[in-house]
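Please open the structure in your viewer and keep the sequence panel beside it, since this tour moves from one selection to the next. Take each stop slowly, and look around before going on.

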Amino acid sequence: MTRPDFLYLALIAILLLLDYFVLWPMFLRRSQSDPGRARVWIWSAWMGELWTLVAAGFAVWLIEARAWGSLRLITPHGWQLWGAIGLVLAFAMINGRTVIRIARSTRRKRVKLGNPHVEKYVPHTRSELGWWLALSLSAGLCEEFVFRGYLIWAFQPMLGLWGAAAFSVVVFAVAHAYQGGKGILGTGIVGILLTLVVLISGSLLPAMALHALVDVGSGLVAWLVLRQVQGEGDIVAA
């Protein structure tokens with residue numbers, strides 16, 4: 001690694017700390033008076049952080065004149081391509097069926113969300129849903145670039161491929177510490193699966209698509225559930 005790489009790693013660490021110790025507490029305070037505006041604010045801040053990291057990472061890569069293949073920012077070929085396409089389509093269909101089933105449901109439900117932090121930051125209105133979709137696409141592209149792309153590349157010489165992959169999963173999970181213990185565990189499991197997709201396919205692109213689908217699907221489901229429950233006067237126990 002070169003000096004720009006160390007500076008970039010420092011930027012990643014600074015933004016992760018800023019997110020947990022500054023932005024999230026500010027979001028919780030703002031949520032007490034205006035939850036909807038607070039959600040849009042934190043989503044905008046997250047997108048700003050994510051695209052700042054990607055822009056800086058691209059700059060480092062261009063300055064050092066490195067091949068994009070070493071970052072796995074390439075299109076898979078052969079069976080890896082068809083396997084990746086099949087996996088993404090299968091996941092999209094499963095996600096779509098879940099969303100359609102919930103959207104069509106007319107039964108009164110008392111819903112309990114598994115993570116006590118979820119209701120604070122998922123979309124509640126149609127306009128918020130648009131912001132969430134933008135955030136989901138940003139997270140899918142940017143987080144895969146940083147965690148499954150750059151971090152694995154940076155630490156592979158020291159830790160080996162699987163050691164660097166494991167390290168990236170840990171950092172990815174800890175980066176979502178604001179979601180609490182359950183959120184860290186769930187994010188870690190998702191991180192493991194996405195890492196396997198990257199290493200098997202040899203490309204970040206399938207993981208980017210799957211990551212975005214996971215986030216879009218979770219936001220749609222939460223929005224449909226919250227809209228339905230709030231409309232019926234029931235309680236969502238987050």
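What follows is a walk through a predicted model, helix by helix and loop by loop.

**Helix 2 and its partner**

Begin by selecting residues 35-63, which make up helix 2. With 29 residues at 1.5 Å a residue, helix 2 should span 42 Å, and because its end C-alpha atoms are 42 Å apart, the expected and modelled spans agree.

Now add helix 5, residues 126-174, to the selection. How far apart are the axes of helix 2 and helix 5, and at what angle do the two helices pack? Their axes are 9 Å apart and the packing angle is about 35 degrees, while the crossing of the two helices is left-handed. If you colour the contact between helix 2 and helix 5 by residue class, you should find 21 nonpolar residues, together with four polar and three charged ones.

**Ser138, within helix 5**

Staying in helix 5, select Ser138. Is Ser138 buried or exposed? Its relative accessibility is 5%, and because buried means under 20%, Ser138 counts as buried. Show the side chain of Ser138 and follow it to the backbone oxygen of Ala134, which it reaches at 2.9 Å. Leaving out residues up to four places away in sequence, Ser138 touches Met47, Leu50, Trp51 and Glu143.

Further along, select Gly163, which also lies in helix 5. Gly163 has a relative accessibility of 28% and therefore counts as partly exposed. To get a sense of distance along the chain, draw a line from the C-alpha atom of Gly163 to that of Cys142: the two residues are 21 places apart in sequence and 22 Å apart in space.

**The loop between helix 2 and helix 3**

Return to the end of helix 2 and select Ala65, which comes just after that helix and takes a positive phi of about 55 degrees. Most residues other than glycine have a negative phi, and Ala65 is a residue other than glycine with a positive value. Ala65 lies in the loop between helix 2 and helix 3, where it is exposed, with a relative accessible area of 69%.

Which value does phi take at Arg72? Select Arg72, in the loop between helix 2 and helix 3, and you will find a phi near 65 degrees, again a positive value in a residue other than glycine. Whereas Ala65 is exposed, Arg72 is buried, with a relative accessible area of 15%.

**Helix 3**

Next select residues 78-104, which form helix 3. Its 27 residues, at 1.5 Å each, should span 39 Å, and since the end C-alpha atoms are 39 Å apart, the model agrees with that expectation. Highlight the buried residues of helix 3, among them Ala84, Val88, Asn95, Val99 and Ile102. As you look along the helix, keep in mind that an α-helix has 3.6 residues a turn, so residues three or four places apart point the same way.

**From helix 5 into helix 6**

Move on to His176, in the loop between helix 5 and helix 6. His176 is buried, with a relative accessible area of 10%. Apart from neighbours within four places in sequence, His176 is in contact with Glu143, Ile184 and Thr187, and Glu143 is also touched by Ser138. From His176 to Gly186, the C-alpha distance is 9.7 Å, with the two residues ten places apart in sequence.

Then select helix 6, residues 180-201, whose 22 residues should span 32 Å at 1.5 Å a residue; the end C-alpha atoms are 31 Å apart, which agrees. Its buried residues include Gly180, Gly183, Thr187, Gly188 and Gly191, and also Leu194 and Val198. Following helix 6 comes Gly202, with a positive phi near 75 degrees.

**Helix 7**

Finish with residues 205-232, helix 7, and select Ala209 within it. Ala209 has a relative accessibility of 30% and so counts as partly exposed; its C-alpha atom is 22 Å from that of Trp61, a residue 148 places away in sequence.

The last selection is Ser218, which lies in helix 7 and is partly exposed at 36% relative accessibility. What does the side chain of Ser218 reach? It reaches the backbone oxygen of Asp215, at 2.9 Å. The C-alpha atom of Ser218 is separated by 17 Å from that of Tyr178, which is 40 residues away along the chain.

Key:
Residues are numbered from 1 along each chain as its sequence is written. This is a predicted model: local features need pLDDT of at least 70, side-chain atom pairs count only at pLDDT 80 or more; totals for chains, interfaces and linings use all residues. Side-chain values use heavy atoms; hydrogens and water are left out. Helices (H or I, at least four residues) and strands (E, at least two) are DSSP runs, numbered from the N terminus. Buried means under 20% relative accessible area, exposed over 50%, partly exposed in between (1.4 Å probe, protein chains only). A polar contact is a pair of N or O atoms within 3.5 Å; within protein, one must be able to donate a hydrogen and the other to accept it, and residues adjacent in sequence count only if both atoms are side-chain atoms. Contact means heavy atoms within 4.5 Å. The expected span of a helix is 1.5 Å times one less than its number of residues. Axes are lines fitted to C-alpha atoms, for helices over the stretch in contact, and angles run from 0 to 180 degrees between N-to-C directions. A crossing is left-handed if the near helix is turned anticlockwise from the far one by less than a right angle, and right-handed if clockwise. Ala, Val, Leu, Ile, Met, Phe, Trp, Tyr, Cys and Pro count as nonpolar, Asp, Glu, Lys and Arg as charged, and the others, Gly among them, as polar.
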